[in-house]
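Please open the structure in your viewer and keep the sequence panel visible. The tour proceeds by selections, each followed by a description of what is found there.

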Amino acid sequence: MSGTVVTTAEALAIHTMVMLGFRYLYSRRIPAAFDRIMGSVTPPDLAAYLRFAPKALVAFVLLPSLVAAPLCLALLSDWSYGGQQLVLLPHWLHLMSDKRMLGFVRATLPL
(Lines give C-alpha, C1' and ligand atoms only; values in the text may rest on other atoms or scores of the structure.)
Protein backbone atom coordinates (compact mmCIF):
# COMPACT_ATOMS: atom_id res chain seq x y z
CA MET A 1 0.00 0.00 0.00
CA SER A 2 2.75 2.50 0.87
CA GLY A 3 4.53 1.73 -2.40
CA THR A 4 1.46 2.92 -4.29
CA VAL A 5 1.38 6.15 -2.28
CA VAL A 6 5.06 6.84 -2.97
CA THR A 7 4.62 6.10 -6.66
CA THR A 8 1.61 8.41 -6.84
CA ALA A 9 3.57 11.15 -5.08
CA GLU A 10 6.42 10.71 -7.54
CA ALA A 11 3.99 10.82 -10.47
CA LEU A 12 2.43 13.96 -9.00
CA ALA A 13 5.90 15.52 -8.84
CA ILE A 14 6.56 14.60 -12.49
CA HIS A 15 3.21 16.05 -13.58
CA THR A 16 3.88 19.22 -11.55
CA MET A 17 7.29 19.69 -13.20
CA VAL A 18 5.77 19.20 -16.66
CA MET A 19 3.00 21.69 -15.81
CA LEU A 20 5.59 24.25 -14.67
CA GLY A 21 7.50 23.67 -17.90
CA PHE A 22 4.40 24.37 -19.97
CA ARG A 23 3.62 27.42 -17.83
CA TYR A 24 7.14 28.74 -18.54
CA LEU A 25 6.74 27.97 -22.25
CA TYR A 26 3.37 29.72 -22.49
CA SER A 27 4.33 32.78 -20.44
CA ARG A 28 7.99 33.38 -21.31
CA ARG A 29 8.95 31.65 -24.55
CA ILE A 30 5.91 31.97 -26.81
CA PRO A 31 3.47 34.38 -25.10
CA ALA A 32 2.43 36.24 -28.27
CA ALA A 33 1.78 33.08 -30.28
CA PHE A 34 -0.01 31.46 -27.35
CA ASP A 35 -2.25 34.51 -26.83
CA ARG A 36 -2.99 34.65 -30.56
CA ILE A 37 -4.03 30.98 -30.58
CA MET A 38 -6.10 31.24 -27.41
CA GLY A 39 -7.75 34.48 -28.49
CA SER A 40 -9.12 37.30 -26.43
CA VAL A 41 -12.14 36.74 -24.27
CA THR A 42 -14.35 39.41 -22.76
CA PRO A 43 -16.13 38.36 -19.55
CA PRO A 44 -19.80 38.73 -20.57
CA ASP A 45 -19.32 37.05 -23.96
CA LEU A 46 -20.42 33.43 -23.50
CA ALA A 47 -19.77 32.50 -27.14
CA ALA A 48 -16.12 33.53 -26.79
CA TYR A 49 -15.77 31.33 -23.73
CA LEU A 50 -17.31 28.40 -25.56
CA ARG A 51 -14.67 28.84 -28.28
CA PHE A 52 -11.96 29.25 -25.64
CA ALA A 53 -12.84 26.24 -23.47
CA PRO A 54 -11.81 23.43 -25.87
CA LYS A 55 -8.54 25.20 -26.69
CA ALA A 56 -7.87 25.74 -22.99
CA LEU A 57 -8.50 22.09 -22.15
CA VAL A 58 -6.10 20.97 -24.86
CA ALA A 59 -3.39 23.53 -23.99
CA PHE A 60 -3.55 23.32 -20.20
CA VAL A 61 -4.69 19.76 -19.43
CA LEU A 62 -4.50 17.35 -22.35
CA LEU A 63 -1.16 18.30 -23.92
CA PRO A 64 0.84 18.51 -20.65
CA SER A 65 -0.68 15.27 -19.34
CA LEU A 66 0.19 13.52 -22.62
CA VAL A 67 3.78 14.67 -22.19
CA ALA A 68 3.93 13.64 -18.52
CA ALA A 69 2.32 10.21 -18.97
CA PRO A 70 5.22 8.64 -20.91
CA LEU A 71 7.65 10.19 -18.45
CA CYS A 72 5.82 8.48 -15.58
CA LEU A 73 5.82 5.18 -17.43
CA ALA A 74 9.52 5.47 -18.24
CA LEU A 75 10.76 6.77 -14.89
CA LEU A 76 8.53 4.90 -12.45
CA SER A 77 8.86 1.14 -12.34
CA ASP A 78 5.39 0.28 -11.00
CA TRP A 79 3.20 3.14 -12.18
CA SER A 80 -0.28 1.96 -13.11
CA TYR A 81 -2.28 5.21 -13.24
CA GLY A 82 -4.34 4.25 -10.22
CA GLY A 83 -4.23 7.85 -9.01
CA GLN A 84 -5.04 9.46 -12.37
CA GLN A 85 -7.35 12.09 -10.87
CA LEU A 86 -4.72 13.17 -8.35
CA VAL A 87 -1.90 13.54 -10.87
CA LEU A 88 -4.08 15.69 -13.14
CA LEU A 89 -4.58 18.20 -10.31
CA PRO A 90 -1.60 20.43 -11.30
CA HIS A 91 -2.91 20.68 -14.86
CA TRP A 92 -6.41 21.67 -13.71
CA LEU A 93 -4.92 24.25 -11.33
CA HIS A 94 -2.87 25.64 -14.21
CA LEU A 95 -6.05 25.91 -16.27
CA MET A 96 -7.85 27.74 -13.47
CA SER A 97 -4.93 30.16 -13.03
CA ASP A 98 -5.17 31.42 -16.61
CA LYS A 99 -6.43 35.00 -16.75
CA ARG A 100 -9.11 34.19 -19.33
CA MET A 101 -10.49 31.21 -17.41
CA LEU A 102 -10.34 33.16 -14.15
CA GLY A 103 -12.31 35.95 -15.82
CA PHE A 104 -14.95 33.44 -16.87
CA VAL A 105 -15.21 32.05 -13.33
CA ARG A 106 -15.50 35.56 -11.89
CA ALA A 107 -18.16 36.51 -14.45
CA THR A 108 -20.31 33.44 -13.85
CA LEU A 109 -20.09 33.13 -10.08
CA PRO A 110 -22.08 35.69 -8.11
CA LEU A 111 -19.41 36.78 -5.61
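The stops below concern a helix, two nonpolar cores and a pair of residues in a predicted model.

**First stop: helix α3.** Select residues 46-75, which form helix α3. This helix has 30 residues, and the distance from its first C-alpha to its last is 42 Å, close to the 44 Å expected at 1.5 Å a residue. Now centre the view on valine 58, where α3 has a kink of about 35°.

**Second stop: the buried residues of α3.** Colour Ala48, Tyr49, Phe52, Ala56, Ala59 and Phe60, which are among the buried residues of this helix. An α-helix has 3.6 residues a turn, so residues three or four places apart point the same way.

**Third stop: the largest nonpolar core.** Select Met38, Phe52, Ala56 and Phe60, the residues with the most contacts inside the largest nonpolar core, which has 16 residues. Helices α1 (2-29), α2 (31-38) and α3 each supply at least two residues of this core. Which helix gives the most to this core? It is α3, with eight residues.

**Fourth stop: phenylalanine 60.** Leaving aside neighbours within four places in sequence, phenylalanine 60 is in contact with Tyr26, Phe34, Met38, His91, His94, Leu95 and Asp98.

**Fifth stop: the other core.** Apart from the largest core lies another, of six residues, including Ala11, Ile14, Cys72 and Leu76.

**Last stop: glutamate 10.** Select glutamate 10 in helix α1. Is this residue buried, partly exposed or exposed? Glutamate 10 counts as partly exposed because its relative accessibility is 37%. Finally, add cysteine 72: the C-alpha atoms of these two residues are separated by 8.4 Å, although the residues are 62 apart along the chain.

Definitions and conventions: Residues numbered from 1 in each chain as written. Predicted model: local features only at pLDDT ≥ 70, side-chain atom pairs only at ≥ 80, totals over all residues. Heavy atoms only, no water. Helix = DSSP H or I, 4+ residues; strand = E, 2+ residues; numbered from the N terminus. Expected span 1.5 Å × (residues − 1). Bend = angle between axes of the 7 residues up to and from the residue. Buried < 20%, exposed > 50% of the residue type's maximum accessible area, 1.4 Å probe, protein only. Core = buried A, V, L, I, M, F, W, Y, C linked by side-chain atoms within 4.5 Å. Contact = heavy atoms within 4.5 Å.
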